[in-house]
Amino acid sequence: MPPGLGEMPRGVVENARPARACADAPFYGMGHVLCALLPLFCVLLLLYALLGGDSAVNEFFRARRDAWPRFTSAIKFYTIWGNLLAHIFYGLLFIWAWRKGRRGLLALALAYGLVQIAVSVFILRFIKISIGRPRPQVGGPWRGFDAWHPRYQSMPSGHTTEVIIAALPLALYARQYCFTALAGAHIALMGFSRIYVDMHYPSDVMAGLFCGLAGAMAVEKVRHSKRVRGWAAKLAK
């Protein structure tokens, strides 16, 4: 620790945190990455092991949704509002960090916004249209490069991708395993909800997991970039 840093106010030390070496920033904290993503990965493996392939898993829940009305209502609420609440959270985080002068959190919120827009609006949409997989309730052949309607944009799961981009960078920032475990439960529940409501096959969610991991690593890379750190420093003044 540099001389005198121990006497610095807590806020100054907090703001100095993102200024650490950035060359390997996207690759630190692999324990937190595994803790956050393994729950969903295990859920998908368990569904395959117990129920069979993609179609069998979706048919199992399709036949039981009406028999579990309360559970179904809760899952539908979660799948509709889970990611929207994450966007709102990051917006409030940005405002709070700006008012308090927290450069580290400002950089995180800025990086999240930039990457989430790039991935959700452009990159993920291009991938979905290029693959053209029909959603489970639609069926039929795949429509590669001819899937402009959302009914043929099943792979990868956008909700799964977005929830990982939102939750994993927060876990890497906090670096507290209790928080990372909560993030992992949130990710797993969102991924499962997309299968349960018959919007995606398990393989769509698995593809969304890997897309989300790439997006979360992009958030880390952008958060540690000189440009975003510079924007955060200006906003924190």
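**Pockets, cores and turns: a friendly exchange**

Biologist: Let's start with the second largest pocket: which helix supplies the largest share of its lining?

Modeller: Bear in mind that this is a predicted model. Helix 5 (103–131) and helix 6 each bring at least two residues to the lining of the second largest pocket. The largest share, four residues, belongs to helix 5.

Biologist: Nice, and which classes of residue line that second pocket, and how many of each?

Modeller: The second largest pocket has a volume of about 160 Å³. Of the 13 residues in its lining, those closest to the centre are Arg125, Lys128, Arg135, Gly158 and His159. By class, the whole lining comes to two nonpolar, six polar and five charged residues.

Biologist: How many nonpolar, polar and charged residues line the largest pocket?

Modeller: The largest pocket holds about 210 Å³ of space. Its lining draws at least two residues from each of helix 4 (69–100), helix 6 (158–174) and helix 7 (177–196). Among the lining residues are Phe89, Tyr90, Leu170, Phe179 and His186. Sorted by class, the lining of the largest pocket has ten nonpolar, one polar and no charged residues.

Biologist: Now the packing: which helix gives the most residues to the largest nonpolar core?

Modeller: That core has 28 residues, and Leu40, Phe61, Ile164, Leu168, Ile187 and Ile195 have the most contacts inside it. Helix 2 (30–51), helix 3 (54–62), helix 6, helix 7 and helix 8 each contribute at least two residues. With seven residues, the top contributor is helix 7.

Biologist: What does Ile187 touch, leaving aside its neighbours within four places in sequence?

Modeller: Ile187 is one of the residues with the most contacts inside the largest core. With those sequence neighbours set aside, its contacts are Ala36, Leu37, Leu40, Val163, Ile164 and Ala167.

Biologist: Where do the buried residues of helix 9 sit, on one face or all around, and which helices do they pack against?

Modeller: In helix 9 (residues 226–236), the buried residues are Val228, Ala232 and Ala236. Seen down the helix axis, they fall within an arc of 70°, so they line one face. The face turned away from that buried side carries the exposed Lys226, Arg227 and Lys234. As for packing, the partners of the buried residues are helix 5 and helix 8 (202–223).

Biologist: Let's check the backbone: which peptide bond is cis?

Modeller: Most residues other than glycine have a negative phi, and most peptide bonds are trans. The loop between helix 5 and helix 6 holds Pro156. With omega near -5°, the cis bond runs from Met155 to Pro156.

Biologist: Arg175 has a positive phi; is this residue buried, partly exposed or exposed?

Modeller: Arg175 sits in the loop between helix 6 and helix 7. Its phi is about 50° although it is not a glycine. With a relative accessibility of 32%, Arg175 counts as partly exposed.

Biologist: And Asp198, is that residue buried or exposed?

Modeller: Asp198 is in the loop between helix 7 and helix 8. It too is not a glycine, and its positive phi is about 70°. Buried means under 20% relative accessible area. At 4%, Asp198 is therefore buried.

Biologist: To finish, what share of all the residues in the protein counts as buried?

Modeller: The protein has nine helices and zero strands. Among contacts with a separation of 6 or more, 76% join residues 24 or more positions apart. Of the 237 residues, the buried share is 46%.

How values were computed:
Residues are numbered from 1 along each chain as its sequence is written. This is a predicted model: local features need pLDDT of at least 70, side-chain atom pairs count only at pLDDT 80 or more; totals for chains, interfaces and linings use all residues. Side-chain values use heavy atoms; hydrogens and water are left out. On a 1 Å grid over the protein atoms alone, a cavity is a set of points where a 1.4 Å probe fits but cannot get out, and a pocket is an open set with protein on both sides within 12 Å along at least five of seven lines; lining residues have an atom within 4 Å of a point. Grid points are joined across faces, edges and corners, and a volume is the space filled by probe spheres set on the points. Ala, Val, Leu, Ile, Met, Phe, Trp, Tyr, Cys and Pro count as nonpolar, Asp, Glu, Lys and Arg as charged, and the others, Gly among them, as polar. Buried means under 20% relative accessible area, exposed over 50%, partly exposed in between (1.4 Å probe, protein chains only). The arc is that of the directions from the helix axis to the C-beta atoms. Contact means heavy atoms within 4.5 Å. A nonpolar core is a set of buried Ala, Val, Leu, Ile, Met, Phe, Trp, Tyr and Cys residues joined through side-chain atoms within 4.5 Å.
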